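Open your viewer and get ready to select residues as we go. We will begin with the whole chain and then visit a few places one by one.

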Amino acid sequence: MKKIAMFIIALAMSITANAQFEQGKVYVGASLTGLDLSYSGQEKFHLGAQATGGYFIMDNIMLKASAGVNYYGEKDAPTDLTLGVGGRYYILQNGLFLGVNAKFLHANHDHNDIMPGIEVGYAFFVSRTVTIEPSIYYDQSFRKHSDYSKFGASVGIGVYLFKD
């Protein structure tokens, strides 16, 4: 019985998600990164927040822009700022997505960096337009790979706005 209920829930989520990724829709999202879930050679604690806006240029393909801030838990640690652009491809209309991006990182303490990255995540629909979006990501540093490249996890909330 439990397996049947889970199957019905998964099927309902897939049907609900089916019409969400259409051309012309707008996406607005916010996410938390870090929470001791990201790792690089220089950091021990990291907490970040990011705002994202996107537009579906065609079904299942979204272009997006983002801005973020990162805080490091060390005394007198500066705050880093990021600006980025990227895209997402939603696989099979089920909420699973692959993303690519490029971010400009302004690290107040010692450097600026361009960081291309990838992410894999899932958009869990909690209503017709609102999602919870856990994802894992990797950002590659051009400055010094071993110290500044990042692998981590994030949890976001997304809103898919319907076209008129």
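Here is a tour of this model, with something to select at each stop.

**Stop 1: the whole chain**

Bear in mind throughout that you are looking at a predicted model. Switch on the cartoon view and follow the chain: its secondary structure comes to two helices and nine strands. Starting at the N terminus, the order of elements is α-β-β-β-β-β-β-β-β-α-β. Of the 164 residues in the protein chain, 39% are buried. Now show the surface, if you like. The accessible surface is about 9300 Å², and carbon and sulfur atoms hold 69% of it. Among contacts with a separation of 6 or more, 52% are between residues 24 or more positions apart.

**Stop 2: Gly-53**

Select Gly-53, which you will find in strand β2, residues 46-58. Is Gly-53 buried, partly exposed or exposed? Gly-53 counts as partly exposed because its relative accessibility is 32%, and the partly exposed range runs between 20% and 50%. Next, add the residues that Gly-53 touches, leaving out those up to four places away in sequence: Tyr-27, Leu-63, Lys-64 and Ala-65. One of these, Leu-63, is ten residues from Gly-53 in sequence, and the two C-alpha atoms are 8.5 Å apart.

**Stop 3: Ser-66**

Move on to Ser-66 in strand β3, which covers residues 61-72. Ser-66 has a relative accessible area of 16%, so it falls under the 20% limit for buried residues. Which residue does the side chain of Ser-66 meet in a polar contact? Show Gln-50: the side chains of Ser-66 and Gln-50 are joined by a polar contact of 3.4 Å. Beyond four places in sequence, Ser-66 touches Gln-50, Ala-51, Thr-52, Thr-82, Leu-83 and Gly-84.

**Stop 4: the aromatic rings**

Now colour the aromatic side chains. How many aromatic pairs does a search of the whole structure find? The search finds eleven. Select Phe-56 and Tyr-90 to see a tilted pair, with ring centres 5.6 Å apart and planes at 40°. This pair links distant parts of the chain, as Phe-56 is in strand β2 and Tyr-90 is in strand β4 (residues 80-90), 34 residues apart. Phe-56 is buried, at 0% relative accessible area. Tyr-90 is buried too, with a relative accessible area of 0%.

Keep Tyr-90 selected and add Phe-97. The rings of Tyr-90 and Phe-97 form a tilted pair as well, with centres 5.7 Å apart and planes at 55°. Phe-97 is another buried residue, with a relative accessible area of 0%. To see the wider group, select Phe-21, Tyr-27, Phe-56, Tyr-90, Phe-97, Phe-125 and Tyr-160: ring pairs link these into a cluster. You have already visited Tyr-27, as one of the residues touched by Gly-53.

**Stop 5: charges over rings**

Stay with Phe-97 and bring up Arg-88. What sits over the ring of Phe-97? The charged end of Arg-88 does, 3.9 Å from the centre of that ring. For the last selection, choose Lys-103 and Tyr-137. Here Lys-103 lies over the face of Tyr-137, and its distance from the ring centre is 5.7 Å.

Note on methods. Residues are numbered from 1 along each chain as its sequence is written. This is a predicted model: local features need pLDDT of at least 70, side-chain atom pairs count only at pLDDT 80 or more; totals for chains, interfaces and linings use all residues. Side-chain values use heavy atoms; hydrogens and water are left out. Helices (H or I, at least four residues) and strands (E, at least two) are DSSP runs, numbered from the N terminus. Buried means under 20% relative accessible area, exposed over 50%, partly exposed in between (1.4 Å probe, protein chains only). Contact means heavy atoms within 4.5 Å. A polar contact is a pair of N or O atoms within 3.5 Å; within protein, one must be able to donate a hydrogen and the other to accept it, and residues adjacent in sequence count only if both atoms are side-chain atoms. Rings of Phe, Tyr and Trp (its six-membered ring) pair if their centres lie within 6.5 Å; planes under 30 degrees apart count as stacked, over 60 as edge-to-face and the rest as tilted. A charge sits over a ring if NZ of Lys or CZ of Arg is within 6 Å of the ring centre and within 35 degrees of the ring normal. Accessible areas come from the Shrake-Rupley method with a 1.4 Å probe; for residues, only the protein chains shown count as cover.
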